[in-house]
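Student: I should like a close look at a single part of this protein. Could you take one element, describe its surroundings, and then place it within the chain?

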Amino acid sequence: MWALLDRGDAAIVPSPSYPIHIFGPLFAGADLRQVPMRSLADPAAREDFTGDFFRNLETAWNVGWPKPRVLVISFPHNPTGATVDLDFMQRVVDFCREREMIVVHDFAYADMGFDGYKPPSILQAEGAKECAVELYSMTKSFSMAGWRVAFLVGNSEVVQALVKLKSYLDYGTFQPIQIAATVTMNEAPDYPKEICSIYESRRDVLIDGLGRLGWDIPKPKGSMFVWAQIPEPYAEMNSVEFCSHLVRECDVALSPGVGFGPGGEGFVRFALIENEQRIRQGLHNLKRGLPKLG
Ligand SMILES: Cc1ncc(COP(=O)(O)O)c(C=O)c1O
């Protein structure tokens, strides 16, 4: 964001969002237009996902000054698991080209598509290189969290600006890690498929199990998260209160939706980071601590 935004600029970030998407523009001194996207937050409202998303985007553009220079998106989406198709990406590109905006697509879950779904790259959209850049990280696809190996592709001016900024900040990742990453990509190109099928099975164990408890959640087609509305019998609690209740009564830790922006209130996020056995244990504990379900 330092390469794109300055004091007095503005960026549009959907709410809920991965927290650094919200704080990146702020670190650069820019203004933030956090746009609550009900269609993102509420799986039940996803039928008109595209229409709702673009209506909110138009409003964010039309109201307020200065006009935003940057849009940050990320699909499959953390925290909601929302997914999009290539037509959606084309509309984002058209929207940004018309308004001379740059769109940053964080494609951290590029390889995490379930039930045969393949997440589209924004760079597949026509004209994308005029206005879009896309980030790919090895964190999820190759289980390399914390190694900080990623790359940016797309609009050459933006990529060049980042190269320049990075040259002032550091000399790149520790070389053995870069070499390990290169070898991994060359020698284990199918590893992300394995990882993806592990997340998919965990998703099924979790959501099928929650359904048996009376907590019905639509299955996301991507990401490594399950986003769930606080069940009706507990709806008087906000997301922080509900998560605190689950820690105390069930030894289960979820992320409160409000931690991803005001648009996330009323929801919680499960991360599919435990194995199936541990997920089953968690479900057993949830049954004990949520007697009003069912
Ligand atoms: C949307 C999104 N982007 C990026 C990351 C992290 O990527 P990295 O480790 O490359 O910073 C995450 C991890 O949680 C994420 O959910």
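Tutor: The account below begins with one strand and then moves outward to the rest of the chain. The model is predicted, and the element chosen is strand 4, residues 102-106.

How many of the residues of strand 4 are buried? The count is 5 of the 5, so strand 4 is largely enclosed by the rest of the structure. In a regular strand, side chains alternate between the two faces of the sheet. Cover is therefore best examined one face at a time. On one side of strand 4 lie Ile102, Val104 and Asp106, and on the other lie Val103 and His105; all of these are buried, and both faces are thus covered.

Strand 4 also has partners within the sheet. Strand 3, residues 70-73, runs parallel to strand 4 and is joined to it by 4 bridges. Within this pairing, Val72 has Val104 as its bridge partner. Val104 is also one of the buried residues named above. The connection between these two strands passes through helix 4, residues 86-98, and strand 3, helix 4 and strand 4 together form a right-handed β-α-β unit. Strand 5, residues 132-137, is likewise parallel to strand 4, and 4 bridges join the two. Here the bridge partner of His105 is Glu134 of strand 5.

Following the pairing from strand 3 leads to strand 1. Strands 1 and 3 run parallel and are joined by 2 bridges, with Ile12 opposite Leu71 of strand 3. Strand 1, residues 10-15, is mostly covered, as 5 of its 6 residues are buried. Strand 1 pairs in addition with strand 2, in parallel and through 6 bridges; Pro14 faces Val35 of strand 2 in this pairing. A right-handed β-α-β unit is made here too, by strand 1, helix 1 and strand 2.

The wider setting is as follows. The domain assignment divides the protein chain into domain 1 (10-187) and domain 2 (191-289). Their centres, taken over C-alpha atoms, are 24 Å apart. Contacts between them involve 31 residues of domain 1 and 27 residues of domain 2. On the domain 1 side, helix 1 (19-27), strand 2 (31-36), helix 2 (38-41) and helix 6 (138-141) each contribute at least two residues to the surface touching domain 2. That side comprises 16 nonpolar, 11 polar and 4 charged residues.

A further sheet offers another arrangement. It is open, has 3 strands in the order 7-9-8, and is paired antiparallel. Strand 7 (225-229) and strand 8 (255-256) are at its edges, each with a single partner strand, so one side of each has no neighbour in the sheet. Strand 7 and strand 9, residues 267-271, run antiparallel and are joined by 5 bridges, with Phe267 of strand 9 as the bridge partner of Gln229.

Taken whole, the protein chain contains 11 helices and 9 strands. Its radius of gyration is 20 Å, close to the 19 Å given by the globule rule for 294 residues, so the chain is as compact as a globular protein of that length. Its C-alpha trace spans about 55 × 50 × 35 Å along the principal axes. Buried residues amount to 38% of the 294 residues. Of the contacts with a separation of 6 or more, 67% are between residues 24 or more positions apart.

Methods:
Residues are numbered from 1 along each chain as its sequence is written. This is a predicted model: local features need pLDDT of at least 70, side-chain atom pairs count only at pLDDT 80 or more; totals for chains, interfaces and linings use all residues. A residue is buried if 20 or more other C-beta atoms lie within 10 Å of its own, exposed if 12 or fewer, and partly exposed in between; C-beta atoms are placed from the backbone. Two strands pair if DSSP finds at least two bridges between them. A crossover is right-handed if, with the strands pointing away from the viewer, the path from the first strand over the helix to the second runs clockwise. Domain bounds come from an automatic or database domain assignment. Two residues are in contact if their C-beta atoms, placed from the backbone, lie within 7 Å. Ala, Val, Leu, Ile, Met, Phe, Trp, Tyr, Cys and Pro count as nonpolar, Asp, Glu, Lys and Arg as charged, and the others, Gly among them, as polar. The radius of gyration is taken over C-alpha atoms; the globule rule is 2.2 Å times the number of residues to the power 0.38.
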